[in-house]
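Hi everyone, thanks for coming. I'll walk you through one protein model today, so have the picture open and stop me if I go too fast.

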Amino acid sequence: MKKNLLFASGISVIILAGCGSGYNGQLIGVQDRPKWNNVIPYGMVYIPSGTLHIGPSDQDVNNSMIQRSKAISIQGFYMDDTEITNNEYRQFVHWVRDSIAAKTIGADMLITDDNNPEGEGRIDWDRMQNFNYEDEEYAETLNDMYYPENERFWHKKEFDVRKLNYEYYWIDIKEAAKVANRNKPRSEFIRKEVTNVYPDTLVWVRDFSYSYNEPMTRNYFWHPAFDDYPVVGVTWGQANAFSAWRTRFWEDYRTQRGEVINDPFRLPTEQEWEYAARGGKKLAPYPWGGPYLRNTKGCLLANFKPGRGNYPEDGGFYTVRADAYWPNDYGLYCMSGNVAEWTSTAFYENAYSFIHDLNPDIRYDAKEDDPITMKRKVIRGGSWKDIGYYLQTGARHWEYQDSAKSYIGFRNVLTFLGRSFND
């Protein structure tokens, strides 16, 4: 009897599979899949897939001994048309500040439902947008977010930026992909990061001995005069934290609208950066294509250190607006000069000898106790304080991942999903 029941159940399943959901017994793929349309994120440009030759130029004899030329291919992606500006990064800082305040206040600023029981509610951002930090009702509750009395300058009540920490998670896919880790639980590859997000505004003084740059320390990150200038004083880790926040910020928006999410925002690999900097031109030493730093009228084409230290000759003393000077043929501004840019790539002098020719990527997530040489990350593009050599699209340089400098910023990329934007 039991056997007959099982047989009857099997027949029922076959009938349902054959006739249900409009498949009519045919292999037509899962139906009712969500629609996908590629959308260029605000402030980004599309860089199509392509190939390029990387390596030092013919004039760079010393580097040609250890960095041989190599042909590589790069998958298409989107890239910010400018470096991340002070005002854009400030949006991240304010989000972290407000989220800490909301969780400190508790139930009044949290939404609780079946998926978010009391005490674990998500933040009510509609209420937080109109939140007044001067509201006496919450003043005592939020008192710990401010500097203590003995650290206040002229008794001014200011947020203690040491407490602006952002917590996020990521999956170590490269580690999970190793054959030796095949049967390990997924939880072993989920990494947690806690990063203080406030830029180091003292870099302007620390980077230059016997030089008066205090006005930049006092004003650069908060004053409206510098809103559209590239953010500096951020470490490689802070740039990654910003990318993770930006990803969640956009994913939450799209999910609420029932839209499909995209790949995460991230730092570019150094080869993606070089490919984008060339603007589609082959063997271009500079983003504008020509072999010189000046145009035919004698005007300098980027913000750097001309001559023996004539900083203002190019129109900028320190940094300049992120969209200053002409963009390259992809529409990217300041790929050379202004600020050097973090990439995701770990620095090895001879990397070009062993990297793959398909989307090259060398990553190493250095631990606190790793040797200092393991913490080097590639920076590209040169900066306002660099000589012209570092502005070449093929010039490589590095900085320690936990260092913040007054001449290093960053921009994000987003991998393009599909063959071409024109499909």
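I'll go through some helices, a sheet, a few empty spaces and some odd backbone angles.

Before anything else, please remember that this is a predicted model.

Okay, helices. Find α9, which covers residues 236–256. That makes 21 residues, and the distance from the first C-alpha to the last is 31 Å. At 1.5 Å a residue you'd expect 30 Å, so the helix comes out close to that. Right after α9 you reach Gly258, where phi is positive, at about 75°.

Now go along to α10, residues 270–277. How many of its residues are buried? The count is 8 of the 8, so this helix is largely enclosed by the rest of the structure. Have a look at who is in there: the buried residues include Glu270, Glu272 and Glu274, along with Trp273 and Tyr275. Gln271, Ala276 and Ala277 are on that list too. And just past α10 there's Gly279, with a positive phi of about 65°.

Keep Trp273 in mind, and jump to Glu341 in strand β9, which spans residues 340–346. Is Glu341 buried or exposed? It's buried, because its relative accessible area is 1%, and the cut-off for buried is under 20%. So which side chains does Glu341 touch through polar contacts? One is the side chain of Trp273, at 2.9 Å. Another is the side chain of Arg411, at 2.8 Å. And Trp273, remember, is one of the buried residues of α10, so that first contact links the side chain of Glu341 with a residue of that helix.

Since we're in β9, let's do its sheet. Strands of a sheet pair through backbone hydrogen bonds, and they can do that parallel or antiparallel. Here we have an open sheet of 4 strands, in the order β11-β10-β9-β12, and the pairing is mixed. At the edges sit β11 (397–400) and β12 (408–409), each pairing on one side only. Zoom in on β10, residues 376–380: it is joined to β11 by 4 bridges, and the two run antiparallel. If you want one bridge to find on your screen, take Ile379, whose partner in β11 is His397.

Next, the empty spaces. There are 3 cavities of 30 Å³ or more in the structure. The largest has a volume of about 50 Å³. Its lining includes Asn86, Pro199, Trp204, Tyr220 and Phe221. Two helices, α7 (203–206) and α8 (214–219), each supply at least two of the lining residues. By class, the lining has 7 nonpolar residues, 4 polar and 1 charged.

Then there are the pockets, and I'd like to show you the second largest, with a volume of about 980 Å³. It is lined by 25 residues, and the closest to its centre are Tyr147, Glu158, Phe159, Val161 and Tyr198. Two elements give two or more residues to this lining: α3 (86–105) and α8. Which one gives the most? That's α3, with 4 residues. The lining of this pocket divides into 13 nonpolar, 4 polar and 8 charged residues. Notice that α8 turns up again here, having also helped to line the largest cavity.

Now for those odd angles. Most residues other than glycine have a negative phi. With that in mind, look at the loop between α1 (2–19) and β1 (44–47), where Asn24 lies. Asn24 isn't a glycine, yet its phi is positive, near 55°. Asp32 is in that loop between α1 and β1 as well, and its phi is positive too, at about 60°. Are these two buried or exposed? Asn24 counts as exposed because its relative accessibility is 59%, and Asp32 is exposed with a relative accessible area of 80%. The cut-off for exposed is over 50%, so both pass.

One last stop: Gly76, in the loop between β3 (70–74) and β4 (77–80). Being in a loop doesn't put this one in the open: Gly76 is buried, with a relative accessible area of 2%. From the C-alpha of Gly76 to that of Arg248 is 22 Å, and along the chain those residues are 172 apart.

That's my tour, so over to you for questions.

Key: Residues numbered from 1 in each chain as written. Predicted model: local features only at pLDDT ≥ 70, side-chain atom pairs only at ≥ 80, totals over all residues. Heavy atoms only, no water. Expected span 1.5 Å × (residues − 1). Pairing = 2+ DSSP bridges. 1 Å grid on protein atoms, 1.4 Å probe; cavity = no way out; pocket = protein on both sides within 12 Å on 5 of 7 lines; lining within 4 Å. Points joined across faces, edges and corners; volume = space filled by probe spheres on them. Nonpolar A, V, L, I, M, F, W, Y, C, P; charged D, E, K, R; others polar. Buried < 20%, exposed > 50% of the residue type's maximum accessible area, 1.4 Å probe, protein only. Polar contact = N/O pair within 3.5 Å; in protein donor to acceptor, adjacent residues only side chain to side chain.
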